[in-house]
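I am opening a notebook on a structure that is new to me. The entries below follow the order in which I looked things up.

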Amino acid sequence: MSPPVAVASPAAAPNSTYALFILSLINLVNYLDRYIVTVALPHIQRDFQLDNTQAGLLGSFFMVVFMLASPISGFLGDRVPRRFLVAGGVLLWSLATGASGLASTFAALMVARACVGIGEAGYGAVAPSIISDLFPREQRTRVLSVFYIAIPVGAAAGYGLGGWLSNAYSWHVAFYAGGVPGIILAVMAFFMPEPQRGAMDGPDAQKKLPFLVGLKGLGRNPAFWWTTSGYTLMTFSIGGLAFWLPSFLVNERGMALDRAGFLSGAVTALAGLTGTMAGGWLGDRMDQRMPGGGLRLSGVGLLLAAPLMVLAVKVSAHAPMFAIIFMAQFLIFLNSGPINAAIVNGVPPAFRAFAMGLNVLFIHMLGDALSPTVIGKLADVSSLAVAIQVNAIPVLLGGLALLMAGKAFRHVND
């Protein structure tokens, strides 16, 4: 009896590295633009005479528009050339970021940020689908971790650039500078390779799927819904914390705005780089040991991070406070690759962009579209320190949901 012949995994597409490079740079600029507003917020509040609840609406309104546009982008991403959606979305949000600096009223700034949300939706739901068609399943967690490294690096750049330019010049100038890189990247994205859907999933992969059939299958996919639940709880907490952290450091720890922006960015960048890369490497290894292993890793990371978030705001000295913030962020960023790899691996190739768009809708609709305003309201009735401590509860619950997702993922392909 002859031994079984091993089936070799497909090699990555020829232009995959170039496409990953462009998409990752775009993701970096995406978060740079998104976080400029958070560190410029004290200046915006002063100029427009806003309380914390009103200022929180600036982040929430952006997220509402972004999340509502994401499923539409995902639906189109399963049917039209995805590089056109990426290029058009990047161009729109970059022009809208520059226009944010021209706003002379709070209402005008809200409209500009809404346009940023529409542009980002054209990119965010589609990019992971492109990456999954460029790299084989065995590499996706690591590759998506490279892509999601852009989140902490972009956030750090937004904190640093926004704080420096807002202090040295004005918050208007910070928005002007943030809009320039995306215009260049939009042109590069237009010439990016367009992989065939399901190219890395074998000949039996569903490359065409009627929308209602795909929607019915997604509705019966508990791994997707547990993953989305955990991701939503985490996004609520982390989105709100990221929005208010510079203000907390300035208002309740007495730090200068530029120093608060620099240190927040530096810690976020270091924790994000190390945590995301560690999560990608460990996630691939855990997935090889058991289906859903990467999700279990993510769940444990969130369970450990929750008490550290509470401890961080109880410490007054800056050095130990930032050390604790680093540890919490490292554990949270472990999940970037595993969660998104689980979503693209757990649905048919022909339905990935919509699944990502639907995931984006839920994580923002019930996550960081609400949390800046909720935390701002809690801060108005108590303090930012108390609000941040309460904000650790969703992280804890998110960790439990991701453990359930890991268990459910075992049966995805049954």
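**Entry 1: a buried arginine and its partner.** I began with Arg34, which at 9% relative accessibility counts as buried, where buried means under 20% relative accessible area, exposed over 50% and partly exposed in between, with a 1.4 Å probe and protein chains only. Before going further I noted that this is a predicted model, in which local features need pLDDT of at least 70 and side-chain atom pairs count only at pLDDT 80 or more, while totals for chains, interfaces and linings use all residues. Residues are numbered from 1 along each chain as its sequence is written, and side-chain values use heavy atoms, with hydrogens and water left out.

Which side chain does Arg34 meet in a salt bridge? I found Glu120, at 2.5 Å from N to O, a salt bridge being a side-chain nitrogen of Lys or Arg within 4 Å of a carboxyl oxygen of Asp or Glu. This pair links distant parts of the chain, since Glu120 is in helix H5 and Arg34 in helix H1, 86 residues apart; helices here are DSSP runs (H or I, at least four residues), numbered from the N terminus. Glu120 is buried as well, with a relative accessible area of 0%.

**Entry 2: the other salt bridges I looked up.** A search of the whole structure finds 6 salt bridges. I looked next at Asp133 and Arg352, whose closest N and O atoms are 3.5 Å apart. Asp133 sits in the loop between helix H6 (127-132) and helix H7 (140-168), and Arg352 in helix H15 (residues 352-368), so that pair links parts of the chain 219 residues apart. Asp133 is buried, with a relative accessible area of 1%, and Arg352 is buried, with a relative accessible area of 1%.

I then turned to Arg142 and Asp284, which form a salt bridge with the closest N and O atoms 2.4 Å apart. Arg142 belongs to helix H7 and Asp284 to helix H11 (residues 257-289), and the two are 142 residues apart. Is Arg142 buried or partly exposed? At 39% relative accessibility it counts as partly exposed, whereas Asp284, at 6%, counts as buried. I also noted that salt bridges sharing partners join Arg82, Asp133, Glu194 and Arg352 into one network.

**Entry 3: aromatic rings.** The same kind of search finds 15 aromatic pairs, taken as rings of Phe, Tyr and Trp (its six-membered ring) with centres within 6.5 Å, where planes under 30 degrees apart count as stacked, over 60 as edge-to-face and the rest as tilted. I picked out Phe48 and Phe106, whose ring centres are 6.3 Å apart and whose planes stand at 55 degrees, so the pair is tilted. Because Phe48 lies in helix H2 (residues 41-48) and Phe106 in helix H5 (residues 106-124), the pair ties together parts that are 58 residues apart in sequence. Both Phe48 and Phe106 are buried, and ring pairs link them with Trp171 and Phe175 into a cluster.

**Entry 4: two buried polar residues.** Asn27, in helix H1 (residues 16-39), is buried, with a relative accessible area of 3%. Leaving aside neighbours within four places in sequence, I listed its contacts (heavy atoms within 4.5 Å) as Tyr123, Phe147, Tyr148, Ala150 and Ile151. Ser298 is found in helix H12 and counts as buried at 0% relative accessibility; with the same neighbours set aside, Ser298 is in contact with Leu334, Asn335, Pro338, Ile339 and Leu402.

**Entry 5: helix H18 and the surface patch.** I found that H18 has 18 residues and reaches 26 Å from its first C-alpha to its last, close to the 26 Å expected at 1.5 Å a residue, the expected span being 1.5 Å times one less than the number of residues. Its buried residues include Ala392, Pro394, Leu402 and Phe409, and what covers the buried residues of H18 includes helix H10 (222-252), helix H12 (293-314), helix H14 (336-345) and H17.

Which helices each supply at least two residues of the nonpolar patch? They are helix H16 (371-381), helix H17 (384-390) and helix H18 (392-409). The patch on the surface, with about 810 Å² of accessible area together, has among its members Leu366, Val374, Val386 and Ile393, and Ile393 lies in helix H18. Patches are made of residues with over 30% relative accessible area and no salt bridge, like charges being joined within 9 Å and nonpolar side chains (Val, Leu, Ile, Met, Phe, Trp, Tyr) within 5 Å, and accessible areas come from the Shrake-Rupley method with a 1.4 Å probe, with only the protein chains shown counting as cover for residues.
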